[in-house]
Amino acid sequence: MESIYVLAAVVAGMTDSVQRHDVCIVGGGLAGLTLARDLGRRLPALDIAVVERSRFPVPEAAHKVGESTVEITSHYLARDLGLAEHLDREQLRKFGLRLFCRGDVPIARDVAAYDEIGPSAPLPIPTYQLDRGRFENHLARTWSGVGALHDGTTVRSIEVHRGAHRVVLRNPGEGRETTLRCRYLIDASGRRGFLRRSRGTARPARHRHHAVWFRLRGRVDVESLSTDGDWLSRCSGELPRCASTVHFTGPGYWLWLIPLASGATSVGLVFDPARVPLDEVRGRADLVRWLRLEHPLVAAELADGEALDHCVLQNYAVGNSQVFSEDGWATTGDASLFADPFYSPGGDFIALANTYVVDLIARGFPAERVDNYQRNYQAFFLNTMLLYRGQYAGFGDRRLIVAKTLWDYAFYWSILAKLFFSGRFTDLEFMRRNENLLQRAAALHARVQRLFRDQAANARRVGGEGRFFDHHAVPLFHELQLDLVEGDPGDDEKRLTRNVERLQAAATGVRCILGEDADGFAGRSLGQVPGFG
């Protein structure tokens, strides 16, 4: 049955031209342009059009938030899309996730007094900090000549007809309208979520948190906040600490500092409004005033910098009951669903959705595969949401953060990253054969996250003792990452089974950490935690 969803005012009269394409991607940001590149590489015979309301080139530094990548995203960009050279030359190598925890007393003199959680040296798989403007300009530039790019163009209406979708565009500069007709329609329009909004498929994510952010001209270097020689020397020097996604944490919030290749620094606060009232941090001056009480060292660094932008986003998490359709349409990026910025999973969901979409287009959107991909994608999202719900209250407790990062990394590399790196997540027979094993892992993950939520409900502020918890010293992390790099298609089932067994042991280690007294584990002893050694 044919269904029509009109997303804007009804367009009166005839448009000036009609163009026909195999695929129309509405949205030419990170999700839409990477999908276009992916389709162009894997299915080069397709005629693809990308529609973007911004005009390229877009500004560097202050373009879009979401600069930090993790392993799935980096693998997708570097290997699947062939962007390794651009990432290495034009973007910044990331030095992992790094968290700083204070105790009850604010730290005003030396950042070495914080407890620090993060790596002393990079782990095997490279990740990156993206200047989104620079990156999207590169994608747009390299797409030109390969397919059609309608930039500086607004979408007036969209009609969904199986096999013959219709998108009406208007280019304000040219004063005319164009109709695109296509077999396959992809919504990559970001938080506008045209299809999600018009079809009423948005669903509450039960995680009503907010974010405020801005970009500053110049680099905020966390190592400049210390004169302690021992602290300065305890990282390898291969990358500076400021190359990390630096977090300063507290009950109900975390603050990020991310360097950008254009020379700017991305700064943002993500928070539970029940713990941090929005009005206290809404404006940049408000946020700096609030930071003077929480993290005066950081506030002093931010107070006089030149701000390039300022943004506020309330209730950022959103679910979506339908992301792919056998009628030949799909969603990707923020137009699909969004969980939380902590651990930077947004790029991962773009990589997953785009890979699903490419496979669906190659096969003509068969119903069975659409249903399976949608079910698995939603399961990945639910497992990711478990990382956040009810846990922000514990972000000021160093012991909880140590245990949480150990488990969350191990689960991510053992299951989701393993399925992506091996390519097995689009292998329906493999996924069916290992359904019980994956459900066992998901149930274990749910139990551990429930433990973290219980701990967060009664958490107290713990930190500020100058201690270091070194992720690089965890043998399990190296083993899991090397397995991702090396892989073995003939041995994937056995390796996945072994990973679930490792997680069972790691869950024991998590309980061990949370059962310790307030001192927890010392310095570099994370490698001695049961299940992680």
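Q: What share of the contacts with a separation of 6 or more comes from residues 24 or more positions apart?
A: In this predicted model, it's 78% of them in the chain. Contact here means heavy atoms within 4.5 Å. A few ground rules: local features need pLDDT of at least 70, side-chain atom pairs count only at pLDDT 80 or more, and totals for chains, interfaces and linings use all residues. Numbering runs from 1 along each chain as its sequence is written, and side-chain values use heavy atoms, leaving out hydrogens and water.

Q: What makes the chain as compact as a globular protein of its length?
A: Its radius of gyration, taken over C-alpha atoms, is 23 Å, and the globule rule (2.2 Å times the number of residues to the power 0.38) gives 24 Å for 533 residues; the two are close, so the chain is as compact as a globular protein of that length.

Q: How many of the 533 residues, as a percentage, are buried?
A: Buried residues make up 60%, where buried means under 20% relative accessible area with a 1.4 Å probe, protein chains only.

Q: Why is a set of residues called a nonpolar core?
A: Because its members are buried Ala, Val, Leu, Ile, Met, Phe, Trp, Tyr and Cys residues joined through side-chain atoms within 4.5 Å. The largest one here has 123 residues, and Ile25, Phe324, Trp407 and Phe532 touch the most other members. Helix H11 (residues 398-422) gives the most to this core, with 17 residues. A second, separate core has 31 residues, including Phe248 and Trp290.

Q: Which residues does Trp407 contact, leaving aside neighbours within four places in sequence?
A: Among them are Leu444, Phe452, Val510 and Phe532.

Technical notes. Buried means under 20% relative accessible area, exposed over 50%, partly exposed in between (1.4 Å probe, protein chains only). Helices (H or I, at least four residues) and strands (E, at least two) are DSSP runs, numbered from the N terminus.
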